[in-house]
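Open the model in your viewer and keep the sequence panel beside it. The stops below say what to select and what is found there.

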Amino acid sequence: MRVTETRSQPAVYDAAVVGAGPAGLAAAVTAAESGLTVVLVDAGAQPGGQFWRHPDESRPLPDEGRGQHLWGRFTDLRDRLRRLVARGTVVPVYSRQVWFLEMPDGAGTAFTLYLTAVVGAAADGPRAVRSRTLILCPGGYDRQLPVPGWDLPGAMAAGGVQALLKAHRSVAGRRAVVAGTGPFLLPVAAGLARAGAQVVAVCEAAAFVRGWSRHPLDAASVPTKAFEGVEYAYHLARHRIPYRTRTVVAEVLGDDRVSGVRTGRLGSDGRLLPGTGERIDADLVAFGWGFTPSLELVTATGAQTRVDVDGSLVAVVDGGQRTTVPRVYVAGEATGVGGAALALAEGELAGLTVADDRRAQPLEPRRLRRLTGAIARGRRFARAMHLAHPVPEHWRDWLRPDTTVCRCEETSYGDLTAARDDLGADDARLAKLVARPGMGWCQGRVCGFATASLTSPCARPTTADLAPVAKRTLAAPITLGELADDYDRIEATGDAAEEGVR
């Protein structure tokens with residue numbers, strides 16, 4: 001049947017899927033093909049998420065999927081989604097963000113997702129959707145570590161550089177340095193080179209070969225990853241891009257914009273080796289230190305979280321992608337960063353589990369074994385990847401007192417250490433109140449991990465350190481006018497929402 005909704009009284013769907021990346025697309029299509037009515041909410045104007053970001057489909061290019069891995073999986077899911085939308089079993093809601101999640105007040109009642117248009121999108125879409133179950137596939141974003149000068153124009157997150165390449169065929173600079181740690185540096189460097197930029201160095205903080213050799217069986221659990229690595233190695237060799245291991249960008253140079261970087265070599269103890277600094281001229285620096293899962297909606301449900309092997313806060317799920325909260329499921333990067341293939345398997349399993357739990361379609365044992373096997377292999381590979389590419393233990397040593405940690409509020413490293421040492425702000429929550437990191441537009445998405453690490457009394461941030469950074473009363477920016485319009489519907493939690501706006 002066709003599902004319809006009005007602004008005053010949204011329909012109640014069987015499942016609401018948040019996120020239209022690999023996990024969300026797989027979950028939405030699987031759940032709908034299993035007989036459920038599904039609403040698919042995404043901030044993008046079209047499906048694909050960050051991984052399959054591509055030019056506007058209304059003006060397709062002949063090389064739409066250029067350089068995209070698993071593109072065939074995407075086009076298959078997209079075609080199936082379009083057929084389901086035509087039948088009315090999936091209702092897509094694009095260019096909308098969930099700004100508030102209202103939990104059900106009883107076992108038989110629905111979740112309510114309050115929506116706001118993304119910047120630049122038309123404001124005439126649905127204001128809210130209601131659903132009996134939630135499948136949260138929010139993905140993640142670049143984890144960033146501050147270095148002196150990283151707030152200069154021309155210093156960008158690696159994911160932002162790649163987004164410009166994928167969606168707009170736009171190159172953010174002509175002479176680039178790609179720095180940080182992890183396999184994601186390779187597609188960013190290759191993409192820049194293919195687009196005509198000169199990539200003068202890839203600075204990888206880890207000892208690449210030694211890191212991967214420590215867990216050879218786990219590293220080999222997903223053989224296709226090795227072929228991807230060979231492909232990227234070919235592109236680096238073809239474009240003569242230097243790949244420097246145990247090397248970091250310790251400082252970004254420039255006055256009013258990036259003019260270069262100063263690199264440094266890391267010793268076996270993870271500290272910068274004196275006298276190894278080298279200046280490299282560049283007008284673009286792409287930083288990537290792995291990814292941080294987006295957990296605003298997960299924490300809003302009260303679901304249990306934990307710290308993963310890479311130091312990220314992630315959702316706790318069971319073998320069917322169920323969280324510790326009834327009728328809430330999570331798939332993809334929010335359960336642990338592991339790549340698109342793993343996210344696809346988790347999303348499909350979440351869709352099947354919801355259909356089974358709703359008694360729409362029982363789980364087929366053979367399909368279940370295939371998915372759980374793929375997820376287990378993907379998790380083993382992800383663990384090997386994170387252990388091979390850890391965040392350098394002594395990255396704080398690169399900072400100076402005037403190094404900006406929070407760009408929005410211009411909070412410096414000196415401000416944070418003073419708040420910690422002089423005012424007792426020894427966790428991220430207190431530091432936020434005293435020195436204001438995370439109080440700006442991004443609400444700690446950029447500086448949250450760094451703030452938690454710099455204020456934690458532990459060597460690595462714990463769940464207690466990271467949970468306050470991930471939890472936000474309002475999950476997305478919203479105008480006071482929109483908040484006032486919806487106030488009567490969230491009166492029970494209105495005081496908390498007002499506090500979040502202030």
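**Stop 1: an aromatic pair between two helices**

This is a predicted model. Begin by selecting tryptophan 212, which has a relative accessible area of 16% and is therefore buried, the cut-off being under 20%. Add phenylalanine 381, also a buried residue, with a relative accessible area of 9%. Turn the view until both rings show: their centres are 5.4 Å apart and their planes stand at 35 degrees, so this pair is tilted. Now colour helix 5 (residues 208–213), which holds tryptophan 212, and helix 10 (residues 365–388), which holds phenylalanine 381. The pair ties together parts that are 169 residues apart in sequence.

**Stop 2: more aromatic rings**

How many aromatic pairs does the structure hold? There are nine. For one of them, select tryptophan 99 and phenylalanine 100, whose ring centres are 5.7 Å apart. Their planes are at 40 degrees, so this pair is tilted. Tryptophan 99 has 0% relative accessibility and counts as buried. Phenylalanine 100, at 8%, counts as buried.

Next, select Phe51, Trp52, Trp71 and Phe74, which make up one aromatic cluster. Keep phenylalanine 51 on screen and add lysine 166: the charged end of this lysine sits over the ring, 5.2 Å from its centre. For another charge over a ring, go to arginine 143, which lies over the face of phenylalanine 449 at 4.7 Å from the ring centre.

**Stop 3: helix 3**

Lysine 166 leads to the next selection, as it is one of the buried residues of helix 3. Select the whole of helix 3, residues 158–168. Is this helix enclosed or open? Eight of its 11 residues are buried, so helix 3 is largely enclosed by the rest of the structure. Besides Lys166, the buried residues are Ala158, Gly159, Val161, Gln162, Ala163, Leu165 and Ala167.

To see part of what covers them, show strand 9 (140–142) and strand 10 (155–157). Helix 4 (185–194) and strand 17 (284–288) also belong to this cover. Then step just past the end of helix 3 to arginine 169, where phi is positive, at about 55 degrees.

**Stop 4: two loops with a positive phi**

Select arginine 240, in the loop between helix 7 (223–238) and strand 13 (243–245). Arginine 240 is not a glycine, yet its phi is positive, at about 55 degrees. Its relative accessibility is 76%, so arginine 240 counts as exposed.

Move on to glutamine 443, in the loop between helix 12 (428–435) and helix 13 (448–455). Glutamine 443 is another residue other than glycine with a positive phi, here near 55 degrees. Is glutamine 443 buried or partly exposed? With a relative accessible area of 25%, glutamine 443 is partly exposed.

**Stop 5: two helices that cross**

Stay with helix 13 and add helix 11 (residues 413–423). Two packed helices are described by the angle between their axes and the distance between the axes. The axes of helix 11 and helix 13 come within 10 Å and cross at roughly 40 degrees. That makes helix 11 oblique to helix 13. The crossing is right-handed. Which residues make the contact? On helix 11, show Tyr413, Leu416 and Arg420; on helix 13, show Thr451, Leu454 and Thr455.

**Stop 6: two distances across the model**

Select glutamine 361, found in the loop between helix 9 (340–357) and helix 10. At 30% relative accessibility, this glutamine counts as partly exposed. Leaving aside neighbours within four places in sequence, glutamine 361 is in contact with Glu33, Ser34, Ala355 and Asp356. Draw a line from its C-alpha to that of threonine 245: the two residues are 116 residues apart in sequence and 50 Å apart in space.

Finish at alanine 467, in helix 14 (residues 463–470). Alanine 467 counts as partly exposed, at 26% relative accessibility. A line from its C-alpha to that of leucine 266 spans 31 Å, and the two are 201 residues apart in sequence.

Technical notes:
Residues numbered from 1 in each chain as written. Predicted model: local features only at pLDDT ≥ 70, side-chain atom pairs only at ≥ 80, totals over all residues. Heavy atoms only, no water. Phe/Tyr/Trp six-rings, centres within 6.5 Å; stacked < 30°, edge-to-face > 60°. Buried < 20%, exposed > 50% of the residue type's maximum accessible area, 1.4 Å probe, protein only. Helix = DSSP H or I, 4+ residues; strand = E, 2+ residues; numbered from the N terminus. Lys NZ or Arg CZ within 6 Å of the ring centre and 35° of its normal. Axes fitted to C-alpha atoms, helices over the stretch in contact; angles between N-to-C directions. Parallel < 35°, antiparallel > 145°, perpendicular 65-115°, else oblique. Left-handed = near helix turned anticlockwise from the far one by under 90°. Contact = heavy atoms within 4.5 Å.
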